[in-house]
Amino acid sequence: MDKFTKLTGVAAPLPIINIDTDMIIPKDYLKTIKRTGLGTGLFAEMRYNDDGSENPDFVLNKPAYRKSQILVAGDNFGCGSSREHAPWALLDFGIRCVISTSFADIFYNNCFKNGILPIRVSHEDLDKLMDDAQRGSNATLTIDLEELSIKGPDGGQINFEIDEFRRYCMLNGLDDIGLTMEKATKIDSFETANAEKRPWA
């Protein structure tokens, strides 16, 4: 997966609590196991009208937020069923970071495995970031994973915490396969030695 070191981009405000995975990517889009193409279904029930046209009132349909890479959302983001299609859809749309006060555990873990940085902040800090995100095309945040900081358009800074192992993986673009491949030399050595000791195996 792509490395995450520093990201500067427009943040879209989504001040809704308990956004579940069915809201993120409705069940109609779960027929594929491909990670690409799901961005069109992201928040589909809010993003599109019944006739398939775009809902102009939904934040990601507004010109300033169409290419948002950061989402500032309400409490308990990603709750509901444990569908991995949810982070796939966010990533396919272009979202690399979601900021909230809390996340459902399975969704939170799935984000890291797919190259999305979920950041937990206090309610006070979320209110400030939500206010920043409502500035339209001026709603630019800088997420620095090395410094563990979020910088707003007015120069203000919010610090956040993250598990050090997860931080290492994100900075180096390592998913589970990548972590295994880091040990490829040791694995090859073991396999060679094991074949010599147990040629019948």
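Here is a short tour of this predicted model, one selection at a time.

**Stop 1: helix H4**

Start by selecting residues 105-113, which make up helix H4. Show the side chains of Phe 107, Tyr 108, Asn 110, Cys 111 and Phe 112: these are buried. What covers them? Bring up helix H1 (21-24), helix H3 (85-93), strand E4 (117-120) and helix H6 (164-172), which are among the elements over the buried residues of H4. Now step past the end of the helix to Gly 115, which follows H4 and has a positive phi, near 85°.

**Stop 2: two unusual backbone angles**

Most residues other than glycine have a negative phi. Two residues here are worth a click on that score.

Select Phe 43 and you'll find a positive phi of about 55°, although this residue is not a glycine. Phe 43 sits in the loop that runs between H1 and helix H2 (44-47). Is Phe 43 buried or exposed? Its relative accessibility is 0%, so Phe 43 counts as buried.

Next, jump to Asn 76, another residue other than glycine with a positive phi, this one near 60°. Look for Asn 76 in the loop between strand E2 (70-73) and H3. Asn 76 has a relative accessible area of 27%, so it is partly exposed.

**Stop 3: the largest pocket**

Switch on a surface and select Met 1, Asp 2, Arg 35, Thr 36, Trp 88, Leu 91, Asp 92, Arg 96, Lys 113, Asn 114, Gly 115 and Asp 175, the residues that line the largest pocket. The space in there comes to about 220 Å³. Which element gives the most to the lining? That's H3, with three residues. Color the lining by class and you should get six charged, three polar and three nonpolar residues. Gly 115, from the end of the first stop, turns up again in this lining.

**Stop 4: salt bridges**

Side chains of opposite charge can pair when their charged atoms come close. The structure holds eight salt bridges, and a few of them make good stops.

Begin with Asp 22 and Arg 83, whose side chains meet in a salt bridge at 3.1 Å, N to O. This pair links distant parts of the chain: Asp 22 belongs to helix H1, while Arg 83 is in the loop between E2 and H3, 61 residues apart. With 27% relative accessibility, Asp 22 is partly exposed; Arg 83, with a relative accessible area of 16%, is buried, because the cut-off for that is under 20%.

Then go to helix H6 and pick Glu 164 and Arg 167, which lie three residues apart, about one turn of the helix. They form a salt bridge whose closest N and O atoms are 2.9 Å apart. Glu 164 is partly exposed at 49% relative accessibility, whereas Arg 167 is buried at 14%.

**Last stop: a salt-bridge network**

Finish by selecting Lys 128, Asp 132, Arg 135 and Asp 154 together, since salt bridges link them in a network. Zoom in on Arg 135 and Asp 132: the closest N and O atoms of this salt bridge are 3.5 Å apart. Which partner is buried? Asp 132 is, at 2% relative accessibility, while Arg 135 is partly exposed at 38%.

Definitions and conventions. Residues are numbered from 1 along each chain as its sequence is written. This is a predicted model: local features need pLDDT of at least 70, side-chain atom pairs count only at pLDDT 80 or more; totals for chains, interfaces and linings use all residues. Side-chain values use heavy atoms; hydrogens and water are left out. Buried means under 20% relative accessible area, exposed over 50%, partly exposed in between (1.4 Å probe, protein chains only). Helices (H or I, at least four residues) and strands (E, at least two) are DSSP runs, numbered from the N terminus. Contact means heavy atoms within 4.5 Å. On a 1 Å grid over the protein atoms alone, a cavity is a set of points where a 1.4 Å probe fits but cannot get out, and a pocket is an open set with protein on both sides within 12 Å along at least five of seven lines; lining residues have an atom within 4 Å of a point. Grid points are joined across faces, edges and corners, and a volume is the space filled by probe spheres set on the points. Ala, Val, Leu, Ile, Met, Phe, Trp, Tyr, Cys and Pro count as nonpolar, Asp, Glu, Lys and Arg as charged, and the others, Gly among them, as polar. A salt bridge is a side-chain nitrogen of Lys or Arg within 4 Å of a carboxyl oxygen of Asp or Glu.
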